[in-house]
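Here are my notes on the model, set out point by point. They cover the sheet, the core and the pockets.

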Amino acid sequence: LFFLGYYLGNGFLSGKANPTRFEVSVPATKIEKLAPLFEKHSHFNWKQGSTSNVFTGESSNVILVQLLAMFGHKASNKTIPDFILNLPKDLLESFLKGYLESDGYVRDGNVSRITTVSKNIAYRYQQAMLKLGKVTTIRFQKRPETCIIEGRTVNQKDTYSLEHCEDTPKSFYKWVEGSLYVKVREVTNETPVDYNGLVYNI
């Protein structure tokens with residue numbers, strides 16, 4: 001499950017209509033740690049990327065290709081499948097640790113943060129964390145369509161930043177019989193709604 005989580009952030013399928021292989025990218029600083037773990041699931045052909053900082057592992061494991069296709073194709077279209085959300089908590093936690101390893105980091109020992117361009121991943125990750133009893137905030141950032149990196153103009157997408165703090169003040173939320181209630185910071189849409197019925201003040 002750790003590998004599936006890592007693939008979600010740092011992997012992709014090769015081939016358009018019918019993918020026949022997949023690849024994962026691993027920073028050089030983590031290759032000795034992660035490569036042996038991934039080799040337990042499939043044989044990989046490892047090669048150094050265009051820079052010495054990254055290694056890419058390629059595999060043609062048919063079963064894994066079919067399984068990984070369930071996570072979507074291309075970063076903005078990726079998602080966390082239902083079967084992952086329905087896992088027992090210990091297995092779900094292993095998956096989330098793998099995703100954090102690929103697309104996130106831990107700050108000050110108790111704050112984990114992940115950035116993604118996939119709206120589906122953002123909200124399903126939050127849902128998965130709630131299953132573990134952990135509250136995650138989502139911050140949306142609208143970005144320009146292009147930016148300049150090392151002198152080149154490249155396309156970019158809006159991002160979602162996910163943050164979980166082990167020491168989040170309990171005054172911001174409350175668990176009631178298995179349901180989570182959070183404070184509403186502000187109401188941005190004040191357009192009148194044509195409604196006739198009961199209104200509950202919670």
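1. In this predicted model, an open sheet is built from four strands in the order 5-6-10-7, with antiparallel pairing. Strand 5 and strand 7 are its edges, each pairing on one side only. On average, neighbouring strands of the sheet are turned by 20° against each other, direction ignored.

2. Strand 5 covers residues 104-107 and pairs with strand 6 in the antiparallel sense over four bridges. Within this pairing, Val106 stands opposite Ser112 of strand 6. The two strands make a hairpin with three residues between them. In the turn, Asp108 has a positive phi of about 60°.

3. Strand 6 also pairs with strand 10, again antiparallel, over six bridges. Here Val111 has Cys165 of strand 10 as its bridge partner.

4. The largest nonpolar core contains 35 residues. Those with the most contacts inside this core are Phe3, Phe22, Phe38, Phe71, Ile84, Phe95 and Tyr125. Two or more core residues come from each of helix 1 (2-10), strand 2 (21-27), helix 2 (31-39), helix 3 (62-68), helix 4 (82-85), helix 5, helix 6 and strand 10.

5. The largest pocket has a volume of about 700 Å³. Its lining comprises 18 residues, and Val135, Thr136, Thr137, Ile138 and Arg185 lie nearest the centre. Helix 6 (119-131), strand 7 (137-141), strand 10 (159-165) and strand 12 (179-182) each contribute at least two lining residues. By class, the lining splits into nine nonpolar, five polar and four charged residues.

6. The second largest pocket holds about 230 Å³ of space. Of the 15 residues that line this pocket, Leu100, Ser112, Met129, Lys134 and Glu166 lie nearest its centre. Ser112 is also the residue opposite Val106 in the hairpin of point 2.

7. Which elements each supply at least two residues to the lining of the second largest pocket? They are helix 5 (89-103), strand 6 (111-116) and helix 6. Helix 5 gives the largest share, four residues. Seven nonpolar, four polar and four charged residues make up this lining.

8. Some elements recur across these points. Helix 6 supplies at least two residues to the lining of the largest pocket, at least two to that of the second largest pocket, and two or more to the largest nonpolar core. Strand 10 takes part in the open sheet, gives two or more residues to the core and at least two to the lining of the largest pocket.

Note on methods. Residues are numbered from 1 along each chain as its sequence is written. This is a predicted model: local features need pLDDT of at least 70, side-chain atom pairs count only at pLDDT 80 or more; totals for chains, interfaces and linings use all residues. Side-chain values use heavy atoms; hydrogens and water are left out. On a 1 Å grid over the protein atoms alone, a cavity is a set of points where a 1.4 Å probe fits but cannot get out, and a pocket is an open set with protein on both sides within 12 Å along at least five of seven lines; lining residues have an atom within 4 Å of a point. Grid points are joined across faces, edges and corners, and a volume is the space filled by probe spheres set on the points. Ala, Val, Leu, Ile, Met, Phe, Trp, Tyr, Cys and Pro count as nonpolar, Asp, Glu, Lys and Arg as charged, and the others, Gly among them, as polar. Two strands pair if DSSP finds at least two bridges between them. A nonpolar core is a set of buried Ala, Val, Leu, Ile, Met, Phe, Trp, Tyr and Cys residues joined through side-chain atoms within 4.5 Å. Buried means under 20% relative accessible area, exposed over 50%, partly exposed in between (1.4 Å probe, protein chains only). Axes are lines fitted to C-alpha atoms, for helices over the stretch in contact, and angles run from 0 to 180 degrees between N-to-C directions.
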